[in-house]
Every structure is written in structure tokens, then in C-alpha cells.
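Here are my notes on the model, as numbered points. Please read them beside the sequence and the coordinates.

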Amino acid sequence: MKRICFLILVACTIATLNVHAQVSISDTAKTTTQAFDVNAATEHWLNTLTPAQRAKSDAYFEGGYWLLLWSTLYAILIGGIFLLTGLSRGIKNLVSGISYTFLQNLIYIFIYLLLAYIFLFPLNVYQDFFREHQYALSNMTFTAWLKDQMIGLGLLLVFGSLIFTLVYWAISKTGKSWWLWGAGIVIAFAAFGAFIAPVYLSPLFNDYKPLAEGKLKSEILSMARANSIPAKNVYQFDASKQSDRVSANVSGFASTTRISLNDNLLKRCTPAEIKAVMGHEMGHYVMNHVYKGLFETAVFLVILFALVNIFFQIIVNRYGNRLGITGIADIRGLPLLVVLFTVASFIFTPLTNTMVRTQETEADMFGLNAAREPDAEAHVDILLSEYRKIDPGYWEEIIFYDHPSGRNRMHMAMQWKAEHLNDCK
Ligand SMILES: [Zn+2]
């Protein structure tokens, strides 16, 4: 569903958009200070994982590379079903009695999204439910999983229908320059999604409540004040109902910006480790990553829409009759548009991952300086390796990683430690 619904997901997940640059480790070993060997310390942390643990997380994460390819091919297959079996024409005929084109398009899009979700369900249930259990990474019963899916489907039907209907409205009003207006509409929804997600969307999946008063909360708020973050509260949410993964996030912007940490982090990490994680999240806020992420997404979407427009025209000029599509304004072409967006987003995966990974690296650096807990950071990186291969190749990281690898994060932490031997705890 993630690929097919790329546009909607952009709108809904931009709130946590983060980014980061590859950490070059080639030269840093030479800058080892005093008796502290950065590379040896990094290796020490890597060796705290058993071969069995590494084999398991490598297999899980590398399987994700293939799933990226299979899900794209599967989305193309579904597009083919809509276009080549007459299904798309059938839906259009069903709604053609309705007087207003705007309404016709809205209902077509609603039916299309619902059917696409049903067609994608087998892959979805394998990827998000059975595979997660296979690797012991999920705590969800099938019923609970299905409940979250239905909430997601509801959001998809509401926001997806609205976004695509507005894009087709823009096509009817602006003609050849539709792609620019279409990108603008999606960007506006992305900004809207970033604004409403933390307050209205995230609580649909998890319960959020203020973190209990105490030493930890006052230390986190003290860190926030020290970094000019006007946070009055810190929230915790019950992620343990989904998995044991530790995570936190800074989401939203303007008045809805908030720092949240999950209950797994509270249960599994020491106060020093929690501070290391919160330092990272505060880095996202201080460095305005939500705004920068929105700007980068805007540039990316304009390019994406322009390319999709070009290839749509080429395909319809050649195969329009066979596919039953008369032009860009024809709603029967929606499955083709979605296939093109899916393929383009697949091809640009290394670029979008690098955009996100770059911000994540920046936040890591900020977090180390804010929390001053390099060993705690390294231990958190070990915990994160449960679902992310810890030591990938150079290009593997650039192509597939939306966060820096555990090795690079730990190396960065150990480098920081080496340069602060006399002043850190
Ligand atoms: Zn982050």
C-alpha cells in the first residue's frame, strides 16, 4: 500500500521527515586522540551483538530490499489489472450518470482506492503482519493489526480521495501546466498533514499522555530549555502494543510541535540512553528539520510530477486506445498515473533516503553535543539493530538507509568521545 499511496503517505508522514549524510569513516581513525582508539571502540560495540543476532537482523533488513522491488512490481501488476481488463473503464461507466465531473471523479477515485487496497492486501498482510511475527518484531494480534489497518484505510479513503480529486480539478482548470499545480496541492496537504498529524492522526493508533513528573522529565525539559526549545511537556505513547522497538519523535510544526517518546524506550533504556535519544530528537527541532524537509519534498515533488507528466503523455500517445485513456484529464488514466508515481518513487529511493538520512546524521551530531552520552548513544544503536542491519556496505547504506547505519552512528559517538575524553563523564 505504501508504494501505491505514495502521495498520500507524503502528506501523512512528512511530520516525521528527517534527513542525513553518510559518515565517512576513512580518515577519522587517523585522528584518534590520546589512548582512545575510535575504531577499536566501534568494533567493541559491534561485537556486543552475537553472530546469531546479526544474522537475524541482516536477513530481516536485506529482505526489505527485495520487498521494495516486489511491492513496486506488484503495484504495476495491479495497475495492469485496472487498465487491461477493462476494470478502470467499468468504474468510469458506473459513475458516468452523475451530472458533475468533479463528483464523478471523486466517486471513481474512492472506488479505485478501495479496490487497490483490497488487491494489495495479500502483500500487505505478509509484509506487515506475518513477516514481522516471523522475525519476532511484532506484539500485535491479527485483530489488533487489522484494526490499525482499517484506521489507515479510512485515512487513505478520505485524504486520498480529496487529494486526487483536487489534482484532477487542477488538470481541468490549468491544462498543460497541471503538474505544477498538482505538485502544489500535494505539498499543501503535506504541510497540513505535518500540522495535524501529531495532535489528530497519531492518537488514532496510540494513546498519548504526558510523561509522569519526576527526575527524568525534569532532565529532559532542562535539556530542552538549554537548547532554546519552548517545550512545556514531553509525551509518552504505548508503542509496546505494536512492537518492542524503541523510538521517539519530534513531530508537527508551529503550535503542534511536540516531543514524544515511546514506552519501550522507558522500559528498555537507562536515563542516560533516554537522554541520548531525546538529544537527537531535539536536534530535529533546533535545526528546523520539518521545514527543511517540507522544502526538499516540495522540490522533489515538482520534479516527480514533471517526469510523470512526460511519461504519461508518451504512453498515452502510443497506447491510449488500447488502455482506454484519452488524455491526462481522463479519470480512467488514474491507475496509470499511480503506476508512474510508484515506479518514479522506487527509482528515486536512494535520493529520498539520502535526504532523510542527512537530517538524521545532523540530529545524531546535535544529540551527542546536547546529551554528552556517547556510550549510551552506542547502546541505543545496538538496540536499533534489532530491525536495521548494523554494518552495511557503503553503497548499500546510500541506497537503502533512511537513517545512518549502526556502525556509522557508533563510530560518530566514539569519535565524539575521543575528542571529549577530558570533559565528558
Ligand atoms: Zn531522527
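1. Glu360 is buried, at 1% relative accessibility; buried means under 20% relative accessible area, exposed over 50% and partly exposed in between, with a 1.4 Å probe and protein chains only. His280 is buried as well, with a relative accessible area of 7%.

2. The model is predicted: local features need pLDDT of at least 70, side-chain atom pairs count only at pLDDT 80 or more, and totals for chains, interfaces and linings use all residues. Residues are numbered from 1 along each chain as its sequence is written, and side-chain values use heavy atoms, with hydrogens and water left out.

3. Both residues of point 1 belong to the zinc site. The zinc ion is coordinated by NE2 of His280, NE2 of His284 and, twice, an OE atom of Glu360, at 2.0 to 2.7 Å. Donors are N, O and S atoms within 2.8 Å of the metal (3.2 Å for Na, K and Ca); water is not among the atoms, so the site may look incomplete.

4. The arrangement is irregular because the four donor atoms subtend angles of 52 to 135° around the zinc ion. Four donors count as tetrahedral if all angles lie between 85 and 135 degrees; four count as square planar and six as octahedral if opposite donors are over 155 degrees apart and all others between 65 and 115; anything else is irregular.

5. The donor residues are spaced H-x3-H-x75-E in sequence. Distant parts of the chain are linked here: His280 lies in helix H10 (residues 271-286) and Glu360 in helix H13 (residues 349-371), 80 residues apart. Helices (H or I, at least four residues) and strands (E, at least two) are DSSP runs, numbered from the N terminus.

6. Four strands form an open sheet in the order S1-S2-S4-S3, with mixed pairing; two strands pair if DSSP finds at least two bridges between them. Strand S1 (208-210) and S3 are the edge strands, each pairing on one side only.

7. Strand S2 (residues 234-237) runs parallel to S4 over four bridges, while strand S3 (residues 248-251) is joined to S4 by four bridges in the antiparallel sense. Ile259 of S4 is the bridge partner of Val234 and also stands opposite Val250.

8. In strand S4 (residues 258-262), five of five residues are buried. Arg258, Ser260 and Asn262 cover one side, and Ile259 and Leu261 the other.
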